[in-house]
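Trainee: I'm new to this one, and I'd like a close look at a single part. Could you walk me through the pockets and what lines them?

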Amino acid sequence: MTPDQRFARRVQVAIALFALLFVYFLAADLWMPITPQAQLTRPVLRIAPRVSGQVQDVAVANNRHVQAGDLLFRLDPEPFRLAVRAAELALEQAAQDNRQLDAAVAAARADQAAARASASELQRETARLGRLVQSQHVSRQLFEQTEAQRQAAQAKLAAATARIRELAAQRGAEGHDNLRLRQARNALEQARLQLQYSEVRAERAGTLSNLQLSPGAFVSAGTPVAALVADEADISADFREKALRYVRLDDTASVVFDALPGHIFDARVSAIDAGVKEGQLDANGDLAAPAISDRWVRDAQRQRLHVELSEALPFPLPSGAKATVQLFPRDSGLADAFGRLQIALISLLHYIY
């Protein structure tokens, strides 16, 4: 075979291999899609006190694992204890004020009874004198004086009645429905709650990270001082839209983490996102802004799905750990075999890079 023939043969073999690989990648993108655009994420909670105060002590060290309810740090509780004591005294004062108002109402009712009796007596006296004036047995001056006394007694009775209504309004309802007592109890509950908030505890199990706190520091309510990385993990993977054509929930998958080369984890598709940010339209009153591009072939849109591992990790991976996800969307032995070969090669390559 001449050199030209050997060269032609090599070109033919290269073209055949290229065509074969091209067909393989087209088929693989549909029947056994794989993506290195995947990562493990964990919920991250910002740890911040709900009340302001001076740090008394820090109960945990940075990057330590904590359980839900574990004490993280404690603020100086003395100001909050004093606030609770003040609220308790205010509640006692409210009860005492109610007792004073009850006594005042009783006194006003006694005044009302006396005024009513006096008004009734003067009413009868005025009527008797009116009859005697007509028969000229008494002077009109005496009648008019008695009539003035009757009107004054009626006014005093009306004032006593108004005073009772005023005191009753100040007193409010009886028992636990009394407004003054409810306000005092509410203030006491708020003071006790703030005392409880002086101890900052973990809301869920996780690892405390980036703790920037030391005893004696003053922290304000709502100011983050640490991050709590929860134990729960979610694995998200971004695929081209075409690759997800046949993917459904609960399809089997395999996952390889960069941090665990050679270890292939079985998984399943747990969720598929409903869209991406580019597909979210804000009703802002502006006109449409069509995308401008001079490219004949645009970049493929990627969609996100989530997979759930069927086995536990040998040790907790950090949030943001990179991974490669292989899907098996079709019930095909040949596609599954090539897919498992793909992910196995990727797992071996992670030993190198």
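Mentor: Let's settle one term before we start: a residue counts as lining a pocket if it has an atom within 4 Å of one of the pocket's grid points. Keep in mind, too, that this is a predicted model. With that in hand, take the second largest pocket, which holds about 310 Å³ of space. Its lining is made up of Glu278, Leu281, Asp282, Asn284, Asp286, Leu287, Ala288, Ala289, Pro290 and Ala291. Sort those by class and you get six nonpolar residues, one polar and three charged.

Now move over to the largest pocket, with a volume of about 390 Å³. There are 22 residues in its lining, and Leu40, Arg42, Asp231, Ala233 and Leu313 sit closest to its centre. Which elements give two or more residues to that lining? They are β7 (206-209), β9 (226-230), β10 (234-240) and β13 (302-309). Of the elements, β13 gives the most, with three residues. As for the class mix in the largest pocket, go looking for 12 nonpolar, five polar and five charged residues.

So how do you picture a pocket at all? Rolling a probe the size of a water molecule over the atoms shows where empty space is left. Try tracing the two linings on the model in turn: start with the run of names from Glu278 to Ala291 for the second largest pocket, then find Leu40, Arg42, Asp231, Ala233 and Leu313 around the centre of the largest pocket.

Methods
Residues numbered from 1 in each chain as written. Predicted model: local features only at pLDDT ≥ 70, side-chain atom pairs only at ≥ 80, totals over all residues. Heavy atoms only, no water. 1 Å grid on protein atoms, 1.4 Å probe; cavity = no way out; pocket = protein on both sides within 12 Å on 5 of 7 lines; lining within 4 Å. Points joined across faces, edges and corners; volume = space filled by probe spheres on them. Helix = DSSP H or I, 4+ residues; strand = E, 2+ residues; numbered from the N terminus. Nonpolar A, V, L, I, M, F, W, Y, C, P; charged D, E, K, R; others polar.
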